[in-house]
There are 2 protein chains.
Amino acid sequence: MPADEFDIIARYFAPLATAAGARGLIDDAAVLEASGRLVVTADAIVEGVHFLPADPIDTVAKKALRVNLSDLAAKGARPIGVVLSLIWPDHRPSAQIADFARGLGEDLAFYDVALLGGDTTSTPGPLTVAITAFGAPLGPRVPARADASVGEQLWVTGYIGEAYLGLMLPTSEPAILGAAPEDQIDVLAVQARERYRVPQPPVAFAAAIAEFACASIDVSDGLIADAEKIAAASGAAIRIDADAVPLLGGAAFVDKHGAAGLMRLLSGGDDYQALFTAKPESRGQIIAAARALEVNVALIGDVAEGAGVRVVDARGQAIPVPASGHRHKLGR
Amino acid sequence: MPADEFDIIARYFAPLATAAGARGLIDDAAVLEASGRLVVTADAIVEGVHFLPADPIDTVAKKALRVNLSDLAAKGARPIGVVLSLIWPDHRPSAQIADFARGLGEDLAFYDVALLGGDTTSTPGPLTVAITAFGAPLGPRVPARADASVGEQLWVTGYIGEAYLGLMLPTSEPAILGAAPEDQIDVLAVQARERYRVPQPPVAFAAAIAEFACASIDVSDGLIADAEKIAAASGAAIRIDADAVPLLGGAAFVDKHGAAGLMRLLSGGDDYQALFTAKPESRGQIIAAARALEVNVALIGDVAEGAGVRVVDARGQAIPVPASGHRHKLGR
């Protein structure tokens, strides 16, 4: 049964909007008390593009939020609040909205982020969730893509390639994950699928990024493609040590598929981790911060003279990088 | 031919993002310098729901912006900046993006608003434009829906019902507009269609709203439906003098269709004007401000004891209000 927009907001979303400036979501706008700089980011996710139609609806809400928290973390900012545009398909049961709101509420509470406002509308098309997120910079600098310099080291948080495996699973056999025994494959498959649906942005590490990062970007389009953006914006080359990239569940996939499999993981996207450069003298402090915060952070390369991204193996030999990376196309 | 997302941003949108904090749109996030309160609003428009597939694409950009500027104006705030999520259909020619950006750029310049950031993504569904807008309050208060009190007068900016006529035109004969001579009908039809496509939010009147409004809301779901929101949030009744509502092009429609036609105009939506209450002693100053700013503002009713909205004719007789108003439904 179609649900009334105002009832939906009052019943499911207003209880999440506890900040005074949200005005209980009954007003046209929110009032945000701001002092100094705000980091602002907007990312929308679309059914069939950024998530799968059958993904549990509470994970869709979490992904919509977390892809934005990932941008804030990569900029060294603490999330403060979000506004949500929920664009709900005419053909999708309105009963799912309660689960969407529950998932969103769990994550808002987990990350201590305020729901400040937004709107809901219907669409004849796919479910689309557009969130704008506000963050407070945790240091004097908000690291840009363009801030890398030759001689800096390249770091990445979390693990790369698992979300890509999770995306492939519904249309592939779990055995593509690698040659591990069946029960191990099942564990990897469950974990990879979960990583695709619910990213794990390095929110806890944002303060360290604010303190130590020179250039920084969130890895959403694939490690290589996003490293290329730092290289292009900074006018430098990025070298990535293939063996140093933390793969976790993807390691068995690389054992099975070799260099081509590795390139798929490094180009797959949906990682929502932070890729940043830092001065070599920060190395010890970065490792100490990662340990203290229980965040996985790996040193995976460096910034060199030149342009573009070079992926090298243990012997320093270049591994061919596929031409296009993850270039989004628009329209026809 | 599909266009590359990064080329699109660099070619068409980066030139619009001239504020330093926008970082030329090459970063993941913008940095907004804020001091004190920010008014934040988010409104998305969807092809086939809020605009028509054949509407000129530059007007779609302007509508997406202006429905947000309407919210800011109704809250007595000056627009500062926006972030844009452009969700572009796979089947729509990418060549139209240049015209979309041109229309957006014209309006950003006209209203002196900064494009701070955003994202672009593809969709298998309809064109969807989600904008989040930031404004600076122009007075110490940001008027809410809930701030109306018994004895206050009810005001509306601009004209009501023209956008509704414009929406009906493609599927109706221009003669529905009224009994006027043919050439007059053509003028009305062109104007009504333009009002539907390109709203005229009362941005110039925002300072007066900040100074004089008690409760305020933007009229997007229809005059009656939005008056009901003030009534419900404020715990009072709203009386609307039917004859006082400024109709302009809709007057001939009411001549032809009578009270039922009037109710269609007052329930049609898409007006994007401000509906506000003010103390009777502010009346002279409101009229003077409207004159000085060349904004049409009309006194159309008042706030009374009770609940709900009552529309009355010249003799004070209630005109029956259709039951539902404009209640949006979500899902199935």
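Is A:K75 buried or exposed, and what is its relative accessible area? I started my notebook there. A:K75 turns out to be buried, with a relative accessible area of 0%. I should jot down straight away that I am working on a predicted model.

**Entry: who sits with A:K75**

I looked for a charged partner and found B:D27, which makes a salt bridge with A:K75, the closest N and O atoms being 2.5 Å apart. This pair crosses between chains. On the chain B end, B:D27 sits in the loop between α1 (5–13) and β2. On the chain A end, A:K75 sits in the loop between α2 (57–74) and β3 (77–89). I checked B:D27 for burial too: its relative accessibility is 11%, so B:D27 counts as buried. A reminder to myself: side chains of opposite charge can pair when their charged atoms come close.

Then I tried the pair with the chain letters swapped. A:D27 and B:K75 also meet through their side chains in a salt bridge, at 2.5 Å from N to O. How many salt bridges does the rule find across the interface of chain B and chain A? I get two.

**Entry: the interface as a whole**

Next I looked up the contact between the chains. Chain B puts in 75 residues, and chain A puts in 75 residues. The two chains bury about 6000 Å² between them, and 56% of that is on carbon and sulfur atoms. I asked which residues of chain B lose the most area to chain A, and I noted B:D28, B:L330 and B:R332. Together these three make up 14% of what the chain B side buries.

For polar contacts across the interface, I have 23 residue pairs, both residues being at pLDDT 80 or more. On the chain B side, strand β2 (residues 30–46) gives the most to the surface touching chain A, with 16 residues. By class, I wrote down 34 nonpolar, 19 polar and 22 charged residues for that side of chain B.

**Entry: strands that pair across chains**

B:L330 came up again when I went through the strands. Strand β1 (residues 3–4) of chain A is joined by two bridges to strand β13 (residues 329–330) of chain B, and the two run antiparallel. Which residue stands opposite A:A3? I found B:L330, in β13 of chain B.

**Entry: salt bridges elsewhere**

My count over all chains comes to 34 salt bridges by this rule. I picked out a few.

- A:E162 and A:R195 meet through their side chains, at 3.9 Å from N to O. A:E162 lies in helix α4 (residues 162–168) of chain A and A:R195 in helix α5 (residues 182–197) of chain A, so this pair ties together parts 33 residues apart in sequence. I have A:E162 down as buried, with a relative accessible area of 3%, and A:R195 as partly exposed, with 28%.
- B:K229 and B:D221 meet through their side chains at 2.6 Å, N to O. I checked burial for this pair and found both B:K229 and B:D221 buried.
- In chain A, I also found a network of salt bridges that links A:K62, A:D99, A:R102 and A:E106.

**Entry: two positive phi values**

Most residues other than glycine have a negative phi. I therefore stopped at two aspartates in chain B.

B:D112 has a phi near 55 degrees, which is positive. I placed B:D112 in the loop between α3 (96–111) and β4 (114–123) of chain B. Its relative accessibility is 62%, so B:D112 counts as exposed.

B:D270 has a phi near 70 degrees, also positive. I placed B:D270 in the loop between α8 (250–267) and β9 (273–278) of chain B. Buried or exposed? B:D270 is buried, with a relative accessible area of 12%.

**Entry: the seven-stranded sheet in chain A**

I finished with a sheet in chain A. Seven strands form an open sheet with mixed pairing, and I wrote the order as β7-β9-β6-β10-β8-β11-β12. At the edges stand β7 (216–219) and β12 (318–319) of chain A, each with a single partner strand, so one side of each is left without a neighbour in the sheet.

What does β7 of chain A pair with? Four bridges join β7 to strand β9 (residues 273–278) of chain A, and these two run antiparallel. For one residue-level check, I looked up A:V219, and the bridge partner of A:V219 in β9 is A:Q273.

Definitions and conventions:
Residues are numbered from 1 along each chain as its sequence is written. Chains are lettered from A and ligands numbered from 1 in the order in which they are written. Side-chain values use heavy atoms; hydrogens and water are left out. Contact means heavy atoms within 4.5 Å. Buried area is the accessible area (1.4 Å probe) that two parts lose on being put together, summed over both. A salt bridge is a side-chain nitrogen of Lys or Arg within 4 Å of a carboxyl oxygen of Asp or Glu. A polar contact is a pair of N or O atoms within 3.5 Å; within protein, one must be able to donate a hydrogen and the other to accept it, and residues adjacent in sequence count only if both atoms are side-chain atoms. Ala, Val, Leu, Ile, Met, Phe, Trp, Tyr, Cys and Pro count as nonpolar, Asp, Glu, Lys and Arg as charged, and the others, Gly among them, as polar. Two strands pair if DSSP finds at least two bridges between them. Buried means under 20% relative accessible area, exposed over 50%, partly exposed in between (1.4 Å probe, protein chains only).
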